[in-house]
Structure formats: structure tokens, C-alpha cells
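Subject: Structure for you to look over

Dear colleague,

I am handing over the structure we spoke about, and below it you will find an account of what turned up. Please read the text with the model open beside you.

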Amino acid sequence: RLATAIDEIAPASRSVGDATQAPADSLPAFPAPGLPASKLPPLRVVGQVSQTYIVAESPDGMYLIDQHAAHERVTYERLMAQRGAGGFDRQNLLIPQTLELPPAAQALLLSNAEALEEWGFAIEDFGMHLKIRAVPAGLRDSTLDGALLEVADHLHGRGGSTPNDWREAMLTTLACHSSIRAGQTLSPEEMRQLIVQLEQCQAPRTCPHGRPTMILLTTSQLERQFGRIK
């Protein structure tokens with residue numbers, strides 16, 4: 001089942017620690033009561049470029065925001081909150097999915113099925129395939145096979161050898177495969193909700209992989225490009 005884009009951005013009924021949403025017609029200049037002060041300037045959504053970048057105006061100039069990287073950051077911090085609260089939200093599939101992965105990856109996943117249950121997965125042996133009965137809430141159907149291949153890589157030790165390395169690799173993988181993608185059209189409301197949630201993140205300017213979520217074109221840069229100033 002593919003969730004709608006707005007449900008992926010603001011899954012109010014399934015997530016832990018979601019920010020209280022602002023009215024749709026305006027973005028808050030100050031955080032709502034009980035929320036941390038924003039680490040970003042006030043942002044006003046203008047539109048979307050190439051179905052990948054959100055254009056937003058601020059007192060500093062114009063921001064271009066990578067929608068996938070930004071949603072990765074929001075999802076990563078939501079997953080960290082769930083992990084700290086004792087467990088992940090889980091989505092039981094009405095119709096279990098079957099996947100055929102490389103035999104070594106399938107064997108590794110099945111031998112660690114109990115550990116993966118703590119992360120929201122329920123997998124079973126199904127002959128030459130894996131049967132998937134449950135996944136972490138928000139994980140996209142279209143990226144399930146890629147997510148499980150990355151999980152198998154982590155189990156093989158490619159994500160690091162310590163428990164902290166494993167936890168970080170799993171959080172990053174789940175955040176990546178649960179987030180909106182480049183090339184996905186967002187409505188103005190979806191863009192505003194994503195910005196509102198990004199404003200409440202602890203580290204809103206980078207995604208979990210370390211890429212920037214946004215770049216700034218200052219007013220002076222724009223004026224210089226248009227020959228208004230030298």
C-alpha cells in the first residue's frame with residue numbers, strides 16, 4: 001500500500017513526537033507552545049522546482065530546499081523519538097508481500113528475524129522468497145526491497161561493527177526509504193507542512209547522510225546576478 005504524500009509527511013496517527021501543525025495559511029514566526037525554538041529563519045513557501053526542490057522566501061533571501069533530504073531529516077528524528085520511547089510504529093500488511101532477494105541476503109535476514117522485529121519488520125521464509133507480514137510504519141512499498149537489501153548489508157557488518165553503528169545505520173536506512181522522493185509533486189499544503197516539521201528538527205540543515213537540506217541565495221547575491229549592484 002502506498003500512502004499519500006501528505007500522510008507520509010505528517011502521519012499524525014502513527015508517529016511519535018510529531019510537531020503540532022500550524023494553520024495551513026501561514027507559517028509560524030515563533031514555535032508553538034512547548035516546541036523548541038526553530039533553528040531556521042521564518043520560511044514562506046513559494047513553489048516547487050523540478051518536482052525536487054521547494055522554493056521558500058525568508059528575510060535572508062531565497063532558500064532552495066531538497067524535499068527528499070528535508071523529509072529524511074524529519075523522519076530520522078521522528079524515528080529516534082520512537083526508539084527512545086521504546087519501539088517503532090509497525091504497519092501490518094493486509095496482504096503480505098513476497099520478495100525474492102539474493103539467497104545470501106535472504107538467509108541473513110531470516111537468521112536475524114527476531115532482532116528485526118524490534119525495528120518493525122515481520123518476515124518469514126517462503127521457499128525461494130521472503131514473506132513480509134509487517135514493516136515499520138511509513139516505509140514505502142516501492143523501496144521495500146532496497147531497504148531490506150541495505151538492512152542485510154548492515155547485518156553483514158558494512159554499516160559498522162558496534163551497536164551504535166548498527167543503530168545509526170538502521171535509522172538512516174529507514175528514514176531514507178520512508179521519505180518522499182525527488183520527482184514527486186507536492187501540493188502547497190504538503191510543502192508547508194514539511195517546512196513546519198523541518199523547522200522543529202534539532203539539526204534541520206543536513207540530512208542523516210550529511211548532505212545539506214537547503215541552500216541559500218541571499219538578497220545581495222540575487223541583486224548581483226541581476227546587475228542591480230556590483
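A residue is called buried here when its relative accessible area is under 20%, exposed when that area is over 50%, and partly exposed in between. Gln91 is buried because its relative accessible area is 10%, which is under that 20% limit. Please keep in mind throughout that this is a predicted model.

To begin with the whole chain, the protein has 8 helices and 7 strands, and buried residues make up 43% of its 230 residues. The accessible surface comes to about 11,600 Å², with 55% of that area belonging to carbon and sulfur atoms. Among the contacts in the protein with a separation of 6 or more, 68% are accounted for by residues that stand 24 or more positions apart.

Gln91 itself is found in strand 4, and its C-alpha atom is separated by 8.7 Å from that of Leu139, although the two residues are 48 apart along the chain. Strand 4 belongs to an open sheet of 3 strands, which are arranged in the order 4-6-5 with antiparallel pairing. Strand 4 (90–99) and strand 5 (122–126) each have a single partner strand and stand at the edges, so one side of each is left without a neighbour in the sheet. From one strand to the next, the twist averages 15°. The pairing of strand 4 with strand 6 (residues 129–136) is antiparallel and runs over 6 bridges; within that pairing, Gln97 has Ile132 in strand 6 as its bridge partner.

A second antiparallel pairing is that of strand 1 (residues 44–49) with strand 2 (residues 53–58), which extends over 5 bridges, and here the bridge partner of Arg44 is Glu57 in strand 2. These two strands form a hairpin with 3 residues between them. The backbone of that loop deserves a careful look. Most residues other than glycine have a negative phi. Ser50, which is found in the loop between strand 1 and strand 2, nevertheless has a positive phi near 55°, and Gln51, which lies in that loop as well, also has a positive phi near 55°. As for their surroundings, Ser50 is exposed, with a relative accessible area of 58%, whereas Gln51 counts as partly exposed at 37% relative accessibility.

Turning to the helices, helix 5 takes part in two packing arrangements that I would set side by side. Two packed helices are described by the angle between their axes and the distance between the axes. For helix 3 (residues 103–111) and helix 5 (residues 144–155), the axes come within 9 Å and cross at roughly 75°, and the two helices are therefore roughly perpendicular to each other. On the helix 3 side of this contact are Ala105, Leu108 and Leu109, which meet Leu148, Leu149, Val151, Ala152 and Leu155 in helix 5. Divided by class, this contact has 8 nonpolar residues, with no polar and no charged ones.

What is the angle at which helix 5 and helix 6 (residues 163–177) pack? Their angle is about 170°, with the axes 10 Å apart, and helix 5 and helix 6 are therefore roughly antiparallel to each other. In helix 5 the residues involved are Gly146, Ala147, Glu150, Val151, His154 and Leu155, and these meet Trp166, Ala169, Met170, Thr173 and His177 in helix 6. The residues of this contact divide into 6 nonpolar, 4 polar and 1 charged. Val151 and Leu155 of helix 5 are thus listed both in the contact with helix 3 and in the contact with helix 6.

One further residue may be worth your time. Ser178 is found in the loop between helix 6 and helix 7 (188–199), and yet Ser178 is buried, with a relative accessible area of 4%. Leaving aside its neighbours within four places in sequence, Ser178 is in contact with His71, Thr75, Gly138, Leu139 and Arg140. Leu139 thus appears in this set of contacts and also as the residue whose C-alpha atom is separated by 8.7 Å from that of Gln91.

With best regards

Note on methods. Residues are numbered from 1 along each chain as its sequence is written. This is a predicted model: local features need pLDDT of at least 70, side-chain atom pairs count only at pLDDT 80 or more; totals for chains, interfaces and linings use all residues. Side-chain values use heavy atoms; hydrogens and water are left out. Two strands pair if DSSP finds at least two bridges between them. Helices (H or I, at least four residues) and strands (E, at least two) are DSSP runs, numbered from the N terminus. Axes are lines fitted to C-alpha atoms, for helices over the stretch in contact, and angles run from 0 to 180 degrees between N-to-C directions. Angles under 35 degrees count as roughly parallel, over 145 as roughly antiparallel, 65 to 115 as roughly perpendicular and the rest as oblique. Contact means heavy atoms within 4.5 Å. Ala, Val, Leu, Ile, Met, Phe, Trp, Tyr, Cys and Pro count as nonpolar, Asp, Glu, Lys and Arg as charged, and the others, Gly among them, as polar. Buried means under 20% relative accessible area, exposed over 50%, partly exposed in between (1.4 Å probe, protein chains only). Accessible areas come from the Shrake-Rupley method with a 1.4 Å probe; for residues, only the protein chains shown count as cover.
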